[in-house]
Amino acid sequence: MSHRPIYLDNHATTPMDERVLTAMLPYFTEYFGNPASISHAYGWEAEAAVKQARNTLADAIHATPEEIVFTSGATEANNLAIKGVAEAYFNKGRHIITVQTEHSAVLDPCRYLQNLGFEITFLPVQPDGLIDLTELEKAIRPDTILVSVMAANNEIGVLQPLAEIGTICHENKVLFHTDAAQAIGKIPLDVQAMNIDLMSLTAHKVYGPKGIGVLYVRRRNPRVKVAPQIQGGGHERGMRSGTLYTPQIVGFAKAVALALEELESESERLLDLRSHLWTTLSQVGRIYFNGHPTQRLSGNLNISVEGVDGAALILGLQSVAAVSSGSACSSATVAPSHVLLALGHSESLAYASIRFGIGRFNTIEEIDKVGKQAIATIQSLRLGNREWGVGSGE
Ligand SMILES: *Cc1c(COP(=O)(O)O)cnc(C)c1O
């Protein structure tokens, strides 16, 4: 087998856990029925599996099973939440608040609505990546229908203060949506305690399969309406039609159950690995830790290195480690990260960034190897950089 680099891009996607695959397998072949087939045993078997998975996922976020709407992933869940609320509440108001550092699956639906006549406030963030709660309060208007703030950032791992945001939204009677694609299974999520009205989830960032997600839609206090964006057989209480994908749903629930069982010990372990990597890397000097130092996902390390182009560093590390500069969705375009620019970074420091996404299957030996290789690569890139190199007075 050919040698593959160490996988450190766990914010883009995660490998599927073998235990998840084992749980899914019978539902491809033996229990293949359509969960909507109510007239025979094949349908009942699939429907029972979906029901159990729905319960598991609801429990994981302190919701009820009726509040779980299956989608194809977090992109679709975000679209359903934002466009669905806009369409259902436009008679009440046409103002939506979101944040500059959101994933494109939130920003793009908001921009789309802007073209249709909605007003969107894109809140800035502080240099640590957190929103300013007083700025949020000031932005809320009588015609505001929705606030959408992500739980955990996919580039810099920063955790927004969900409970505080929820309280502000609740007091102002504005719906609160959060994109929790990076957060599920990594930090505790409680839609009751945090006053969350809508929440997007996905399986493939938490060692589950790709192609399955959830939109949580609150049913009580208040009863939230979302206009369907995909219509057909009326599945998922009319909010999202289409035959349910039983194996993926079973896999999603298994992945979340496993992650919650291991949440505390795993986040401690990841924190140790991240600290080790940062301690190693910081020895090269003039290197910056992006995002809040503690309010962040334990597996995330995002750095900017002075005198080094991020793309060159990623290329230099390529044979040893699979890493990226941030959002996988924007990596086809060579533009500085919109997240790092929102932190107030110069374009050159935003270009000089690299994201290490440490995950369940990484070991301390791997982290050690990558850290050492990264230092060697940074040093050699700096030597080749005229403005930086020897003799420049550094
Ligand atoms: C990965 C990701 C998405 C997209 O999720 P898919 O399930 O791949 O559609 C949305 N938001 C955030 C924050 C993500 O990290």
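This report describes the ligand site, the cysteines and several loop residues of a predicted model.

Residues carry numbers that start from 1 along each chain as its sequence is written, and side-chain values rest on heavy atoms, with hydrogens and water left out. Because the model is predicted, local features need pLDDT of at least 70 and side-chain atom pairs count only at pLDDT 80 or more, whereas totals for chains, interfaces and linings use all residues.

**Ligand site**

The residues around the ligand, where being near requires a heavy atom within 4 Å of it, are Gly-73, Ala-74, Thr-75, His-103, Met-150, Asn-154, Asp-179, Ala-181, Gln-182, Thr-202, His-204 and Lys-205. By class this shell has three nonpolar, seven polar and two charged residues, on a scheme in which Ala, Val, Leu, Ile, Met, Phe, Trp, Tyr, Cys and Pro count as nonpolar, Asp, Glu, Lys and Arg as charged, and the others, Gly among them, as polar. The table gives side-chain polar contacts to the ligand, a polar contact being a pair of N or O atoms within 3.5 Å.

| Residue | Ligand atom | Distance |
|---|---|---|
| Thr-75 | oxygen | 2.6 Å |
| Gln-182 | oxygen | 2.7 Å |
| Lys-205 | oxygen | 2.7 Å |

Taken alone, the ligand exposes 390 Å², and the protein buries 88% of that; accessible areas come from the Shrake-Rupley method with a 1.4 Å probe.

His-204, one of the residues around the ligand, is found in the loop between β7 (198-202) and β8 (213-217), with helices (H or I, at least four residues) and strands (E, at least two) taken as DSSP runs numbered from the N terminus. The relative accessible area of His-204 is 17%, so this residue is buried, where buried means under 20%, exposed means over 50% and partly exposed lies in between, for a 1.4 Å probe and protein chains only. Not counting residues up to four places away in sequence, His-204 touches Ala-12, Thr-13, Thr-14, Pro-209 and Lys-210, contact meaning heavy atoms within 4.5 Å.

**Cysteines**

The model holds zero disulfides, a disulfide being a pair of cysteine sulfur atoms within 2.5 Å. Cys-110 is in no disulfide, and the nearest cysteine sulfur, that of Cys-169, is 14 Å away. Seen from Cys-169, the closest cysteine sulfur is that of Cys-110, and the 14 Å between them is too far for a bond. Cys-110 counts as buried at 0% relative accessibility, and Cys-169 is likewise buried, with a relative accessible area of 0%.

**Loop residues**

Phe-32 is found in the loop between α1 (18-24) and α2 (41-60) and counts as exposed at 52% relative accessibility. Leaving aside neighbours within four places in sequence, Phe-32 is in contact with Tyr-27 and Tyr-42. Measured by no experiment but computed C-alpha to C-alpha, Phe-32 and Asp-128 are 48 Å apart in space and 96 residues apart in sequence.

Most residues other than glycine have a negative phi, and most peptide bonds are trans. Lys-173, although not a glycine, has a positive phi of about 55°; this lysine lies in the loop between α6 (162-171) and β6 (175-179) and is exposed, with a relative accessible area of 69%. Asn-195 is also not a glycine and has a positive phi of about 50°, and its place is in the loop between β6 and β7. A cis peptide bond, with omega about -5°, joins Asn-221 and Pro-222, and Pro-222 is found in the loop between β8 and α7 (246-261).

Notes:
A polar contact is a pair of N or O atoms within 3.5 Å; within protein, one must be able to donate a hydrogen and the other to accept it, and residues adjacent in sequence count only if both atoms are side-chain atoms.
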